[in-house]
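Here is a model to read side chain by side chain. Let us work through it in questions, starting with charges and ending with rings.

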Amino acid sequence: SDGHITITVEIKKPGENPNPPSSSVLSTEEVKSIALKHAGLSAADVISFGEVSLEEENGAQIYELEFRSADREYEYKINAVSGAIIEFDSEEIDDD
């Protein structure tokens, strides 16, 4: 043996992604935590999460998500395979 061991761990949630794409994509929970970390928020800071959608752009799998904290609204596009943030936007919520 050359000491090279590859271990692939896949956690399957029942009823989620019955037909996963060929490349392994991150779960919506993983993508949310990437965006929150980038925004400097914890899950407790988020008042509401919008829909998380998986899109394909130029052959790449992209998650689009939005969420809001008490005073800001955030939008993210994240590479669904690598977890890289492609673009993000945040703006203050004007409530008056």
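**Charges, hairpin, core and rings**

Student: What is the relative accessible area of glutamate 64?

Tutor: Buried would need under 20%, and exposed over 50%. Glutamate 64 falls in between, so it is partly exposed, at 26%. Bear in mind that this is a predicted model. The value for glutamate 64 is 26%.

Student: With which residue does the side chain of glutamate 64 meet in a salt bridge?

Tutor: The N to O distance of this pair is 3.9 Å. A salt bridge here needs the nitrogen within 4 Å of the oxygen, so the pair qualifies. Glutamate 64 is in strand β3, and its partner, 13 residues apart, is in strand β4. That partner is lysine 77.

Student: How far apart are the closest N and O atoms of glutamate 57 and lysine 77?

Tutor: These two residues also form a salt bridge. It links distant parts of the chain, from strand β2 to strand β4, 20 residues apart. Glutamate 57 is partly exposed, with a relative accessible area of 29%. The closest N and O atoms of this pair are separated by 3.2 Å.

Student: Which of arginine 72 and glutamate 92 counts as exposed?

Tutor: Their side chains meet in a salt bridge, 3.9 Å from N to O. Arginine 72 in strand β4 is linked with glutamate 92 in strand β5, 20 residues apart. Arginine 72 has a relative accessible area of 24%, so it is partly exposed. At 62%, the exposed partner is glutamate 92.

Student: Which residues are joined into one network by salt bridges that share partners?

Tutor: The whole structure has four salt bridges. Some of them share partners, and these link up into one network. Its members are Glu57, Glu64 and Lys77.

Student: Now the backbone. In which sense do strand β2 and strand β3 pair?

Tutor: Strand β2 covers residues 53-57 and strand β3 covers residues 60-68. Five bridges hold the pairing. Glutamate 56 stands opposite glutamine 61 of β3. The sense is antiparallel.

Student: Which residue in the hairpin of β2 and β3 takes a positive phi?

Tutor: Two residues lie between the strands of this hairpin. One of them has a phi near 50°. That residue is asparagine 58.

Student: On to the core. Which residues touch the most other members of the largest nonpolar core?

Tutor: Nonpolar side chains tend to be buried together in soluble globular proteins. Here the largest nonpolar core has 16 residues. The ones that touch the most other members are Leu41, Tyr63, Leu65, Phe67 and Tyr76.

Student: Which element gives the most to this core?

Tutor: Three elements give two or more residues: α1 (28-39), β3 and β4 (72-79). The top contributor gives four. It is α1.

Student: Leucine 41 lies in a loop; is it buried or exposed?

Tutor: The loop runs between α1 and β1. Beyond its sequence neighbours, leucine 41 is in contact with residues including Phe67, Ser69 and Tyr74. Its relative accessibility is 17%, below the 20% limit, so leucine 41 counts as buried.

Student: What distance separates the C-alpha atoms of leucine 41 and serine 69?

Tutor: Serine 69 is in the loop between β3 and β4. At 5% relative accessibility, serine 69 counts as buried. Its contacts include Leu41, Asp45 and Ile93. Along the chain, leucine 41 and serine 69 are 28 residues apart, yet their C-alpha atoms are separated by 8.3 Å.

Student: Last, the rings. How many aromatic pairs does the whole structure hold, and at what angle are the planes of phenylalanine 67 and tyrosine 74?

Tutor: The search finds four aromatic pairs. Phenylalanine 67 and tyrosine 74 have ring centres 5.1 Å apart, and the pair is stacked. Both residues are buried. The planes are at 15°.

Student: At what angle are the planes of phenylalanine 67 and tyrosine 76?

Tutor: The centres of these rings are 5.8 Å apart. Planes under 30 degrees apart count as stacked, and this pair does. Ring pairs link Phe49, Phe67, Tyr74, Tyr76 and Phe88 into a cluster. For phenylalanine 67 and tyrosine 76 the angle is 5°.

Student: Over which ring does the charged end of lysine 32 sit?

Tutor: The charged end is 4.5 Å from the centre of that ring. The ring belongs to phenylalanine 49.

Note on methods: Residues are numbered from 1 along each chain as its sequence is written. This is a predicted model: local features need pLDDT of at least 70, side-chain atom pairs count only at pLDDT 80 or more; totals for chains, interfaces and linings use all residues. Side-chain values use heavy atoms; hydrogens and water are left out. Two strands pair if DSSP finds at least two bridges between them. A nonpolar core is a set of buried Ala, Val, Leu, Ile, Met, Phe, Trp, Tyr and Cys residues joined through side-chain atoms within 4.5 Å. Buried means under 20% relative accessible area, exposed over 50%, partly exposed in between (1.4 Å probe, protein chains only). Contact means heavy atoms within 4.5 Å. Rings of Phe, Tyr and Trp (its six-membered ring) pair if their centres lie within 6.5 Å; planes under 30 degrees apart count as stacked, over 60 as edge-to-face and the rest as tilted. A charge sits over a ring if NZ of Lys or CZ of Arg is within 6 Å of the ring centre and within 35 degrees of the ring normal. Lists of a residue's contacts leave out its neighbours within four places in sequence.
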